Amino acid sequence: MAASVASAIPASSQFEPITKGPSAQEDQAFWSEALGQSLNTLLSTSQYNEEKKLYYLSWFNRWILPAMGPRPVNGKPHYTSSFTHDGSPLEWSLNWKEKKAGQTIRFTIEPSNPKTGTAADPLNQKAADDFLTKMLGSKDVPGLDLTRFHLFLNESNAPEDHAADIIAKSPPNRPLTRVLIAFDMEPGSDIVAKAYFLPGLKSIHTGIPVKSIVFDAIRKCDGPWGTYNASVDKFDSYLKSFDTSKSEAPQVFMFSNDCVADTASSRIKIYTDAAISKLADAQDVFSLGGAIGGTSMAEGLKAIAEFWCHLFGLDASDPSVRDKDVLPSSRGKGVFVFEMRPAQEGQAVPDIEVKMHMPGSWLGETDAEISQVLSGWFAKYGHGTLADRYEPDLSAAFPKHRLDSGNGGLAHTWISLTWAPKTGLYMTMYYTPKLPEFYFVPT
């Protein structure tokens, strides 16, 4: 078993480390031990060839390990992330496409550094910028562009001199995370960086609703390729149809961009959570109350219905299936991701593309139960090999996790689903490495 990223890579193939010195080396050795074996295994079980696997491992060693920040000391992390439910500052994901044999490995991190959580960066708003700026200068991620990243970062920032007051006013269960960075390791393509911004802390300080902060930022993205105004207006119109004083009203909480140069196909994504108890609820939010049309939407609604029936053992031919309450409010909320693209004035507005994210707990009480649900789904759509190996591969990637036990929380954090013309069904499974449970322990 490859115990770490560094030990998995021949010295001649490694990128030169971007940080040096005894302390930095010890930090990276810790993160390598905690994360390297999982990445190595995920790449292997997803059929990455040896050359690409070594390349990604080497790149991860150079860039991602330093971005995890100082190692925990006596079990106490330098910075306590609230990105995942268990406090892990990294989340893996496995992307499955119906029309493609292999899978893609991706991951998201909340970058940190020695200044994070100190007076120099109390809300961790600078580490992601420092991280991506260094990466931009290295050209190790071709096509990286930070123009829109800096726009969105500035639009969502909270004043650091009010950090203590903002944290005190923040609801106990609300994540304090401000900026996340994700990377796709798509075989045959360059690595792509994506950024995610949570304006909740700015909203607490200013009193401006999160959705207004998000919409105002997006409306500042006008350029030669057009605007996102028509899509934003459609989205806002749907949100205004709800009584916002009620808990079931959908709530915008995050927005995102791909860190590439602006083009006619540039995506901006809005993340919204919503209380879901039945299929009709999910399909209503997914289509913005029927305001989004087109083939992809029709197929996406069909996919949600098919998975819903597969998950809850419902009869798809039952005319009342959409209105059967199957999820109590205690099971959490679904998250809906709306991808928007620019349009020139007078031209047709591109359809908004939507993904539905389901908490892992919707699928089962243990990771083994969730694996069985997913394996049945993959087999149903012609991916029998993946169905057979899904749970064994998961166990190999996370050997410390007890997949048959719900104690300590699930490894599966989210499962997303949509449909697209090029991919057919498109699903992503997200996993926490459970770093606090297995690696943040006193020595």
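Colleague: What makes glutamate 91 buried or exposed in this predicted model?

Modeller: Glutamate 91 has a relative accessible area of 8%. Buried means under 20%, so glutamate 91 is classed as buried.

Colleague: Which residues does glutamate 91 touch, leaving aside its neighbours within four places in sequence?

Modeller: Glutamate 91 is in contact with Phe83, Thr84, Arg106, Phe107, Thr108, Thr413, Trp414, Tyr430 and Tyr431. Contact here requires heavy atoms within 4.5 Å.

Colleague: Which feature does UniProt place at Glu91?

Modeller: The UniProt record, an unreviewed entry, gives the feature "binding site" at Glu91. Such annotations may be inferred rather than shown by experiment.

Colleague: Where is glutamate 91 found, and what makes that element largely enclosed?

Modeller: Glutamate 91 belongs to strand 1, residues 90-97. Eight of the eight residues of strand 1 are buried, so the strand is largely enclosed by the rest of the structure.

Colleague: Which residues of strand 1 point one way, and which the other?

Modeller: Leu90, Trp92, Leu94 and Trp96 point one way, whereas Glu91, Ser93, Asn95 and Lys97 point the other way. In a regular strand, side chains alternate between the two faces of the sheet. The residues pointing either way from strand 1 are all buried.

Colleague: How do you know that strand 1 pairs with strand 2?

Modeller: Pairing requires at least two bridges, and strand 1 and strand 2 (residues 104-109) have six, in the antiparallel sense. The two strands therefore count as paired. Within this pairing, serine 93 has arginine 106 as its bridge partner. A hairpin of six residues joins strand 1 to strand 2.

Colleague: What makes strand 10 a partner of strand 1?

Modeller: Strand 10 (residues 424-431) pairs with strand 1 in the antiparallel sense over six bridges, and at least two are needed. Threonine 428 in strand 10 is the bridge partner of asparagine 95.

Colleague: Why is the meeting of lysine 169 and aspartate 165 called a salt bridge?

Modeller: The N to O distance between their side chains is 3.2 Å. The criterion is a Lys or Arg side-chain nitrogen within 4 Å of an Asp or Glu carboxyl oxygen, so this pair qualifies. Both residues lie in helix 5 (residues 163-169), four residues apart, about one turn of the helix.

Colleague: Why are lysine 169 and aspartate 165 put in separate accessibility classes?

Modeller: Lysine 169 has 52% relative accessibility, and exposed means over 50%, so lysine 169 counts as exposed. Aspartate 165, with 35%, falls between the cut-offs of 20% and 50% and is therefore partly exposed.

Colleague: What makes aspartate 236 and lysine 240 a salt bridge, and how is each classed?

Modeller: Their closest N and O atoms are 3.4 Å apart, which satisfies the limit of 4 Å. Aspartate 236 counts as buried at 11% relative accessibility, while lysine 240 is exposed at 59%.

Colleague: How do you know that arginine 389 and aspartate 393 form a salt bridge, and are they buried or exposed?

Modeller: The closest N and O atoms are 2.5 Å apart, within the 4 Å cut-off. Arginine 389 has a relative accessible area of 18% and aspartate 393 one of 17%. Both values are under 20%, so both residues are buried. Arginine 389 and aspartate 393 lie in helix 12 (residues 384-397), four residues apart.

Colleague: What makes Asp258, Arg267, Glu339, Arg341, Glu353 and Lys355 one network?

Modeller: They are joined by salt bridges that share partners. The structure holds 24 salt bridges.

Notes. Residues are numbered from 1 along each chain as its sequence is written. This is a predicted model: local features need pLDDT of at least 70, side-chain atom pairs count only at pLDDT 80 or more; totals for chains, interfaces and linings use all residues. Side-chain values use heavy atoms; hydrogens and water are left out. Buried means under 20% relative accessible area, exposed over 50%, partly exposed in between (1.4 Å probe, protein chains only).
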